Amino acid sequence: MQELKQKQQEVDKALAAIKERREKRQDQAGPVQERGRNHIYAGDGKGKTTAATGLAVRAASRGWRVLFIQFLKSGTSAELDVLRSLPNVDVISGQKINKFTFAMTPEELAETRQVMGDRLQLAIDEAKDYDLIVLDEALGAISAQVISEDLVADFMANKPQNLELVVTGRNPSERLVDLADYYSEVCMRKHPYETEGLNARAGVEF
């Protein structure tokens, strides 16, 4: 219970920081790009979030302003601590209801839809203040019907010109793939979970 409370406090803190930036409307310009691109990292293999995290670190090291948003994730994976330590990166992750959506009550599912929908809307509303936005596991959130594919597709099609946008997860629709400039599939050929029954390991999977 204490861990969930702490995760929620971290999410609230990140949201407060973004709200403060919105109110101040900082005029500091990010790197000038002729046109930002859409990325999809998808597939059943390990490495989608890892790739998105690596891109976020690379972009931040170039002075880009980065928003890294996770959907339907616990918010405890270790890479988030590194991202949060970077001055030009905002991270929103974790969820108050720590269950798979199929195990949620109707009330819990409604609350999750509200929180995840607000998270996506925040990314859209604040897009012009960032150079890179990562929507990690957005495809999973679409499959779980807690965010709207129509809204994600519209964001990809009509994002600010200079914004680089990354969407990760499994099984993107043809519509989203058509909107992507980069589409990379991570295909699991072998994994210790399948071959040895090995559970996720700290420092490797989280």
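In this tour, a residue is called buried when its relative accessible area is under 20%, exposed when that area is over 50%, and partly exposed in between, with a 1.4 Å probe and protein chains only. The model is a predicted one, in which local features need pLDDT of at least 70 and side-chain atom pairs count only at pLDDT 80 or more, while totals for chains, interfaces and linings use all residues. Residues are numbered from 1 along each chain as its sequence is written, and side-chain values use heavy atoms, with hydrogens and water left out.

**Stop one: helix 4**

Select residues 106–125, which make up helix 4; helices here are DSSP runs of H or I with at least four residues, numbered from the N terminus. The 20 residues of this helix should span 28 Å at 1.5 Å a residue, and the end C-alpha atoms are indeed 28 Å apart, which agrees; the expected span is 1.5 Å times one less than the number of residues. Now colour E108, L109, T112, M116, R119, L120, L122 and A123, the buried residues of helix 4. Looking down the axis of helix 4, you will find these buried residues within an arc of 155°, so they line one face of the helix; the arc is that of the directions from the helix axis to the C-beta atoms. Turn to the face pointing away from the buried side of helix 4, and you meet the exposed residues P106 and E107.

**Stop two: helix 3**

Six salt bridges are found in a search of the whole structure, a salt bridge being a side-chain nitrogen of Lys or Arg within 4 Å of a carboxyl oxygen of Asp or Glu. For one of them, select D81 and R84, whose closest N and O atoms are 3.7 Å apart. Both residues belong to helix 3 (residues 79–85) and stand three residues apart, about one turn of the helix. An α-helix has 3.6 residues a turn, so residues three or four places apart point the same way. R84 is partly exposed, at a relative accessible area of 29%.

**Stop three: helices 6 and 7**

Next, select R175 and E149, whose side chains meet in a salt bridge at 3.1 Å, N to O. Because R175 lies in helix 7 (residues 174–179) and E149 in helix 6 (residues 149–158), this pair ties together parts that are 26 residues apart in sequence. Both residues are partly exposed, R175 at 38% relative accessibility and E149 at 22%. Add D150, which forms a salt bridge with R175, the closest N and O atoms lying 2.7 Å apart. With all three residues displayed, you can follow E149, D150 and R175 as one network, joined by salt bridges that share partners.

How values were computed:
Helix = DSSP H or I, 4+ residues; strand = E, 2+ residues; numbered from the N terminus.
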